[in-house]
Amino acid sequence: MDDRHDARTEGTGDDIAYVCTQLDRMREDLQAYGRGAEPLERVVAAVRAGQDPTAPLDALHEALLFAGDATGVRGQGRGLFPIGVGAQRPDGWLLLCPTGQCARHAWPDAQEPSGCRITGQPLRRERL
């Protein structure tokens, strides 16, 4: 095991994964309806620097709520897969956050980009 910080065990990994997938939308919403995208940029900076993103995530959540986002960072349902629509795939590899701070994952054959939208690093491959 490497020495990367694993935020998934602290409950922030899902939040970072959501921010990663919604980065552009959040930035646009905050700039259009909030007080600017600074709360989002603080989360991005904390993740890039390998720092604890908990406080910046809290501030981003509040800023999104202020901007009219009814769910913020934490209100969306996660991890629930209806029968027949599971995330399981027969592939033996999974692409994970390059810094280990986020719970985002992708399958190697997925159509989405295989890079981290926050750090720009390629997602790391791990065998299931």
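Start your tour by selecting residues 1-9: pLDDT stays under 50 over this whole stretch. The model still has 18 contacts beyond four places in sequence for these residues. Keep in mind that what you have open is a predicted model, so pLDDT, the predictor's confidence in each residue, is worth colouring by.

Now jump to residues 78-91. Here, too, pLDDT stays under 50, and the model has 13 contacts beyond four places in sequence for the stretch. Zoom out to the entire chain and you get a mean pLDDT of 78, with 73% of the residues at 70 or more.

Next up, a pair of helices. Select H2 (residues 23-33) together with H3 (residues 38-49). Their axes lie 9 Å apart, and the two helices pack at an angle of about 145 degrees. Want to see who does the touching? On the H2 side, show Leu23, Met26, Arg27 and Leu30; on the H3 side, show Leu40, Glu41 and Val44. Sort that group by character and you find five nonpolar residues, two charged ones and no polar ones.

Last stop: the cysteines. How many disulfides are there? The count is zero. Click on Cys20 to check: its nearest cysteine sulfur belongs to Cys116 and sits 4.7 Å away, while a disulfide needs the two sulfur atoms within 2.5 Å. Is Cys20 buried or exposed? Cys20 counts as buried because its relative accessibility is just 3%.

Then hop over to Cys97, which is in no disulfide either; the nearest cysteine sulfur, on Cys102, is 4.5 Å away. Cys97 has a relative accessible area of 6%, so this residue is buried.

Methods: Residues are numbered from 1 along each chain as its sequence is written. This is a predicted model: local features need pLDDT of at least 70, side-chain atom pairs count only at pLDDT 80 or more; totals for chains, interfaces and linings use all residues. Side-chain values use heavy atoms; hydrogens and water are left out. Axes are lines fitted to C-alpha atoms, for helices over the stretch in contact, and angles run from 0 to 180 degrees between N-to-C directions. Helices (H or I, at least four residues) and strands (E, at least two) are DSSP runs, numbered from the N terminus. Contact means heavy atoms within 4.5 Å. Ala, Val, Leu, Ile, Met, Phe, Trp, Tyr, Cys and Pro count as nonpolar, Asp, Glu, Lys and Arg as charged, and the others, Gly among them, as polar. pLDDT is the predictor's confidence in each residue, from 0 to 100. Buried means under 20% relative accessible area, exposed over 50%, partly exposed in between (1.4 Å probe, protein chains only).
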